[in-house]
Structures are given as structure tokens and as C-alpha cells.
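Student: I have a model open and want to go through it with you. Can we start with the overall picture and then look at single residues?

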Amino acid sequence: MSKKLFIKTYGCQMNVYDSARMADVLAPLGYEPTDQVDLADMVILNTCHIRERASEKTFHELGRLKALKAKRNITIAVAGCVAQAEGAEIQRRQPLVDIVVGPQAYHRLPEMVAKISRARGHALDTDFPADSKFDHLPQTDTPVGPTAFLTVQEGCDKFCTFCVVPYTRGAEMSRPVDAILAEARHLADCGAREITLLGQNVNAYHGPDADGQSLGLGDLIRRLSDIDGIERLRYTTSHPRDMADDLILAHRDCEKLMPFLHLPVQSGSDRILAAMNRQHDAASYLNLVDRLRQARPDIALSSDFIVGFPGETDADFQATLDLIRQVGYAQAYSFKYSPRPGTPAELMAAQVPEPVKEERLAKLQALIVSQQLAFNQAQIGKVFGVLFDRRGRREGQWIGRSPYLQSVHAAINGEPTGKIANVKILNAGPNSLTGEIIDTMEPACAA
Ligand code: SAH
Ligand code: SF4
Ligand code: F3S
């Protein structure tokens with residue numbers, strides 16, 4: 001008899017990818033995905049530990065699941081980065097948790113499920129196994145839409161002083177080129193038109209090809225560009241230190257590589273960048289932006305910022321605003337610094353008071369919103385390809401993605417899902433664009 005699996009995903013795109021893989025791993029045991037938690041026989045919370053608030057959501061949600069478990073004997077699993085960071089502590093705090101599984105061990109979920117159903121006990125696996133989970137994952141069975149994620153790299157060796165990722169995801173590893181090409185071809189066969197390559201430090205990618213040669217991300221993108229059916233490529237998240245010349249040139253040479261790059265800088269102050277152990281200064285970041293724009297003049301940038309890192313003064317914060325003004329972003333994410341257990345910055349003196357963090361965040365976000373609006377408005381009158389992937393709220397309205405990841409609304413007759421059409425942009429708000437189709441809705445290649 002089929003059983004129902006409900007997965008709730010927090011955090012970054014890599015968790016989205018992992019959630020789909022966990023569903024694949026559990027499918028042979030008879031688990032079918034459901035989006036209704038009340039129907040579930042097994043619930044997985046795929047968690048994020050990046051900021052305090054993200055972590056707290058896990059325990060909040062577990063509290064809510066208590067009522068469900070009181071009614072029916074469901075299996076509750078905590079996966080992801082909170083599982084890795086807190087391990088057995090989770091089951092101590094919330095005994096209703098049956099399984100705790102880290103991000104590198106979830107291919108062993110079937111054994112863990114078998115163990116708890118045999119012995120009715122708990123199961124914990126937060127190993128960083130020597131063999132990669134990727135060698136054990138079945139080919140994906142989860143429905144694939146026009147846009148898909150593909151993890152090519154995992155882990156991080158950078159150890160920024162504020163960040164938990166090197167502890168929760170482990171050391172950097174890159175998947176072999178052939179495995180990535182095979183997965184990309186499979187995604188294309190299932191209808192994916194755009195693939196976003198994922199890694200905590202994706203541009204540190206260095207995977208072996210069939211001849212045992214190590215390829216960088218630029219070369220990997222060149223190889224992926226040859227796959228028919230894949231029309232668009234992106235990658236995220238990149239570290240400024242790993243932006244190799246070859247990758248910059250891929251932005252010039254590969255038409256399928258979209259002219260949009262998420263390149264987090266965190267701060268514009270050299271003093272703070274050093275305290276964060278980012279291993280670069282503001283000038284080298286600005287120089288990198290120049291080189292990217294030389295290679296691909298229409299490239300647009302996005303970033304992450306942290307305000308209120310320990311020791312951040314008004315002058316440091318002003319330097320961040322200056323950098324934002326100099327770069328001109330299409331979009332950005334910004335966060336108040338959140339002290340994380342076990343990271344060096346947690347113990348640093350001169351923690352910034354909460355009201356100061358709040359004030360700085362509001363100022364920074366106002367600047368970003370104005371840049372985002374200006375960027376969107378600059379698209380009015382332009383024509384570019386939009387990949388349609390979902391229905392809009394109004395009758396006959398569809399929503400797609402611009403090359404710059406903006407949502408574009410347009411009225412279309414028929415079913416455009418998975419097709420790329422040229423759209424002329426007529427209107428722009430801070431969060432989306434509207435336009436009109438200017439050519440027939442032909443798929444860019446045989447569908
Ligand atoms: N690998 C990526 C970042 C992954 S985490 C990179 O190097 O840029 C995503 C973002 O969360 C980071 O870019 C940072 O802006 C933010 N972040 C990470 N740790 C944080 C913390 N302790 N407090 C606040 N924001 C944090
Ligand atoms: Fe975290 Fe820094 Fe690694 Fe990004 S590069 S995941 S911010 S330690
Ligand atoms: Fe969060 Fe882990 Fe991703 S901490 S941001 S889910 S790598």
C-alpha cells in the first residue's frame with residue numbers, strides 16, 4: 001500500500017534539491033509525495049541553520065507536529081543543516097523526532113526507516129561518509145518543470161567567521177563531470193529548459209572528467225551548453241575569490257549562460273571584510289565587477305549583505321552603502337548579523353546592538369529597493385526571451401522568467417509552459433514586469 005510523504009523545505013536552493021532527492025530515495029519504499037501534511041505517514045523537515053531565526057523554525061514546526069503525531073503514528077524526520085549541527089540534541093529537545101539525518105547521509109534514509117520500524121527506536125546519522133551520497137542516489141523521478149536545480153558542488157572550505165555552512169555541509173567536494181552531464185541530459189529529457197547549477201561555493205567547482213582531468217566551472221558550463229533542449233544555464237552561489245578568468249570568459253562566450261550573477265560581497269568595508277575572513281577587499285570586488293561587465297556588458301548583479309557584524313561602525317556601514325552605489329545591483333538579499341554557535345564571530349567583542357542593526361538594515365534595503373526598481377524600469381521597451389513556467393492570477397495571464405530572473409507577466413492564448421518567447425516589456429514595478437509577446441509561441445527547440 002502506498003504511503004504518503006510530506007517534506008517541508010527551509011533554507012537555500014541546495015535544500016530544495018536535496019528534498020527532491022530524499023523523495024527519490026524513499027519512493028522504492030512506497031512513499032508518494034503529498035502536499036498535505038494531514039495525510040502524511042512520514043514528515044521530513046529539511047532544515048536551515050544559517051541564522052537563529054531559520055533554526056528556530058524547526059522547533060516551532062516540531063511543536064505543531066505534536067498534535068498530528070498524537071492522532072496517528074507518523075514518522076518524523078529532521079534533515080538538513082539543523083540536523084547536522086544539533087544531532088542528538090534534537091531528539092532530546094523533541095522526543096517525537098524519530099530520525100535525524102544530516103545533508104551528506106540522506107541516501108541512507110531507507111535503512112533508517114527500516115531500523116525504526118523494526119525496533120521502534122530512534123535513528124541518527126550525521127556522518128560525512130567517505131563515499132559520496134551522489135553515488136547512491138537513484139535517477140530523479142520527481143516531476144521536472146521547465147526550470148531545474150542540479151547540485152554540482154557541495155560544502156565549503158572558506159570559513160567566513162560568521163557562517164555555519166563549513167560545519168553543517170562539510171568540506172568542499174565536486175561531482176564528476178560525466179555524472180553531471182548525465183543528470184542534465186535526463187532533466188532535459190524530462191522537460192527542463194533552464195538549469196541552475198548549485199553549490200555552496202559553486203565557482204570553486206573542480207570535478208574530474210572521464211580522462212581524469214580536473215575541470216573548472218567555466219569548462220563545465222561549456223560542456224553543458226552542448227546539450228540539446230537545455231536553453232539556459234545559471235549557477236549559484238559564487239564566492240568572489242573563486243571567480244576564475246575562464247569562468248568570466250564563459251560569460252562572454254556561452255550564449256546559454258544567462259547574464260545574471262549572484263555574487264555576494266557581505267560588506268563594503270575592508271576592515272569588516274578582513275574580520276569576516278572573506279579573503280578579498282572592496283577594491284578587488286569592484287575590479288571583478290568591471291571584468292565581468294567587460295566580458296558581458298549586459299550582465300546584472302545581485303548580492304548578499306550582512307549588517308551589524310561585530311565591530312561594524314557607522315563608517316564601515318557607509319562603506320557598504322558606497323559599494324552598493326558604485327556597483328548598482330539588480331537585486332540583493334540583506335540580513336542582520338546573527339551570532340551562530342561555534343563560529344568565531346559569535347565570540348567577538350563589540351557585538352552591535354539590535355536597534356542599530358535594524359536601522360542599518362532598513363537603510364540598506366531602501367537603497368537596494370530603489371536600485372531594483374531602477375533596474376526593472378530600465379527594461380521598459382526592451383525585448384528579451386522569457387521562459388514561461390506558470391499561470392498568472394488573471395484569465396489568460398502567464399508568468400515567466402526573464403534572463404535576469406525577474407517575473408514577467410504576459411497575456412497568452414494557449415499553453416506556453418516550458419516555452420521561451422520574445423517579450424517586449426511595457427511596465428515595471430519593484431518585483432515584476434509586464435509585457436507583450438512579439439512573436440509566435442514556438443519552442444526554441446523541438447519539445
Ligand atoms: N556560500 C554563500 C553564502 C551562503 S549563506 C557565500 O559565500 O556567499 C547565504 C547568506 O546568508 C550569506 O551570503 C550571508 O549573507 C548570510 N549569512 C550567513 N551567515 C549569517 C549570519 N551568521 N548572520 C546573518 N547572515 C548570515
Ligand atoms: Fe559561508 Fe563563507 Fe562558505 Fe559562503 S563562503 S558558505 S558565507 S563560509
Ligand atoms: Fe541553510 Fe544549510 Fe543552505 S544552513 S542556507 S540550508 S547550506
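Tutor: What follows goes from the whole chain to one helix and then to four residues. Keep in mind that this is a predicted model.

Student: Fine. How many helices and strands does the protein have?

Tutor: There are 13 helices and 21 strands. The radius of gyration is 23 Å, and the globule rule gives 22 Å for 447 residues, so the protein is as compact as a globular protein of that length.

Student: What box do the C-alpha atoms fill?

Tutor: Taken along the principal axes, the box is roughly 65 × 60 × 50 Å.

Student: And what share of the residues is buried?

Tutor: Buried residues are 55% of the 447. As for the surface, the protein exposes about 19,600 Å², and carbon and sulfur atoms supply 50% of that area.

Student: What about contacts between residues 24 or more positions apart?

Tutor: Such pairs account for 72% of the contacts with a separation of 6 or more.

Student: Charges next. How many positive and negative side chains are there?

Tutor: The protein has 50 positive and 55 negative side chains. The centres of the two sets lie 5 Å apart.

Student: Now a helix. Which residues of α8 are buried?

Tutor: Helix α8 covers residues 217-225, and its buried residues are Leu 217, Gly 218, Leu 220, Ile 221, Leu 224 and Ser 225. Seen down the axis of α8, they fall within an arc of 160°, so they line one face of the helix.

Student: What do the buried residues of α8 pack against?

Tutor: Two helices, α7 (177-189) and α9 (245-253), and the strands β10 (194-198), β12 (214-215) and β13 (232-236).

Student: Different topic. Where is Ser 269?

Tutor: Ser 269 sits in the loop between β14 (260-262) and α10.

Student: Buried or exposed?

Tutor: Ser 269 has 4% relative accessibility; the cut-off for buried is under 20%, so Ser 269 counts as buried. Leaving aside neighbours within four places in sequence, Ser 269 is in contact with Asp 316, Ala 319 and Thr 320.

Student: And where is Asp 281 found?

Tutor: Asp 281 is in the loop between α10 (270-275) and α11 (282-295). Its relative accessible area is 32%, which makes Asp 281 partly exposed.

Student: Which residues is Asp 281 in contact with, leaving aside neighbours within four places?

Tutor: Asp 270 and Leu 273. As for Arg 271, ten residues from Asp 281 along the chain, the C-alpha atoms of the two are separated by 8.5 Å.

Student: OK, Ser 55. Which helix is that in?

Tutor: Ser 55 belongs to helix α2, residues 52-71. Ser 55 is buried, with a relative accessible area of 8%. Not counting neighbours within four places in sequence, Ser 55 is in contact with Cys 48, His 49, Val 82 and Arg 340.

Student: Last one. Which strand does Asn 422 lie in?

Tutor: Asn 422 lies in β20, residues 420-428. Asn 422 is partly exposed, at a relative accessible area of 32%.

Student: What does Asn 422 touch, not counting residues up to four places away?

Tutor: Val 383, Phe 384 and Gly 385, and also Glu 436, Ile 437, Ile 438 and Asp 439.

Student: How many residues separate Asn 422 from Thr 320 in sequence, and what is the distance in space?

Tutor: Asn 422 and Thr 320 are 102 residues apart in sequence and 37 Å apart C-alpha to C-alpha. Thr 320 came up earlier as one of the contacts of Ser 269.

Definitions and conventions:
Residues numbered from 1 in each chain as written. Chains lettered and ligands numbered in written order. Predicted model: local features only at pLDDT ≥ 70, side-chain atom pairs only at ≥ 80, totals over all residues. Heavy atoms only, no water. Helix = DSSP H or I, 4+ residues; strand = E, 2+ residues; numbered from the N terminus. Rg over C-alpha atoms; globule rule 2.2 N^0.38 Å. Buried < 20%, exposed > 50% of the residue type's maximum accessible area, 1.4 Å probe, protein only. Contact = heavy atoms within 4.5 Å. Areas by Shrake-Rupley, 256 points an atom, 1.4 Å probe, with all protein chains shown as cover. Lys, Arg positive; Asp, Glu negative; His and termini not counted. Charge placed at Lys NZ, Arg CZ, Asp CG, Glu CD. Arc of directions from axis to C-beta.
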